[in-house]
Amino acid sequence: MSNPTYTIYSYFRSSCSARLRMVLNLKGIEYEMKTINLLKQEHLSGEHKALNPNATVPLLLRKGSDGSIFKVGQSLAAIEYLDETLPQSYQLLPPISDPEARAVTRTLANIIACDLQPVTNLRIMKRIKRLGASPEQWNKEIMTEVLQAYETTAKDSSGQYSVGDNITLADVCLLPAVWNAQRYGVDLNTFPIITKTSENLSKHPAIIKAHWQNQPDTPEELRANGC
């Protein structure tokens with residue numbers, strides 16, 4: 001690999017990291033990946049917190065021609081930054097001439113990014129366990145409830161994907177949430193729109209490359225060729 005302009009700090013099973021990996025792939029952006037093991041608490045190291053004070057992944061770094069470094073520590077902000085700075089490449093929002101479709105796309109993305117992921121991530125699961133409850137049951141119930149909201153919201157906009165026939169910001173938020181829902185035993189058969197959308201997304205080369213089973217830090221026993 002040449003010396004890439006972009007670097008992503010990622011964890012193979014992080015749904016937020018997967019969003020950004022998908023977008024980088026869709027846009028055809030060459031990038032360096034640095035893996036952060038959340039289970040080993042590498043995100044809490046002083047070195048990582050100096051780069052991202054929120055101690056999370058993903059983190060996107062862009063190296064300027066003058067050697068400066070620009071950092072974005074939230075996945076949706078990083079995706080919109082890439083969309084705005086690289087408008088000639090794949091766009092994750094419908095055209096500005098269709099504000100209704102753009103609003104629906106953002107609504108669907110936020111259902112996942114605001115209502116689902118923050119309350120089902122590893123940080124929350126650890127706290128639920130300390131309170132004596134089952135984090136697995138917690139996640140399953142919340143995932144089922146929020147995915148139902150996504151399903152209902154998408155019924156008037158869906159085509160091949162969540163909003164029409166192009167992959168959008170909504171889709172790159174949805175699919176990692178579906179992977180997590182499968183992991184926790186959510187019955188996805190009750191969500192036909194989500195199921196159709198996920199199946200279509202899963203065939204795209206950029207999405208396959210971003211799948212959690214295909215990452216450099218995926219344990220060998222969990223890799224796609226070992227399943």
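This passage describes the nonpolar core of a predicted model, together with an annotated N-terminal segment and a buried helix residue. Local features require pLDDT of at least 70 and side-chain atom pairs count only at pLDDT 80 or more, while totals for chains, interfaces and linings use all residues. Residues are numbered from 1 along each chain as its sequence is written, and side-chain values use heavy atoms, with hydrogens and water left out.

The largest nonpolar core (buried Ala, Val, Leu, Ile, Met, Phe, Trp, Tyr and Cys residues joined through side-chain atoms within 4.5 Å) comprises 66 residues. Leu82, Tyr150, Leu169 and Val172 have the most contacts inside this core. Helix α7 (residues 169–183) gives the most to the core, with 10 residues; helices are DSSP runs of H or I with at least four residues, and strands are runs of E with at least two, numbered from the N terminus. At least three core residues come from each of domain 1 (6–90) and domain 2 (99–210), the bounds being taken from an automatic or database domain assignment. Beyond its neighbours within four places in sequence, Leu169 is in contact (heavy atoms within 4.5 Å) with Leu76, Ile79, Leu92, Leu93, Thr105 and Ala109.

Residues 4–90 carry the annotation "domain: GST N-terminal" in an unreviewed UniProt entry; such annotations, given in the numbering used here with shortened feature names, may be inferred rather than shown by experiment. Over residues 4–90 the chain is 33% helix and 22% strand, with its end C-alpha atoms 19 Å apart.

Ile194 lies in helix α8 (residues 192–201). Its relative accessible area is 1%, so Ile194 is classed as buried (under 20%; exposed is over 50% and partly exposed in between, with a 1.4 Å probe and protein chains only). Apart from neighbours within four places in sequence, Ile194 is in contact with Leu147, Tyr150, Glu151, Leu174 and Val178.
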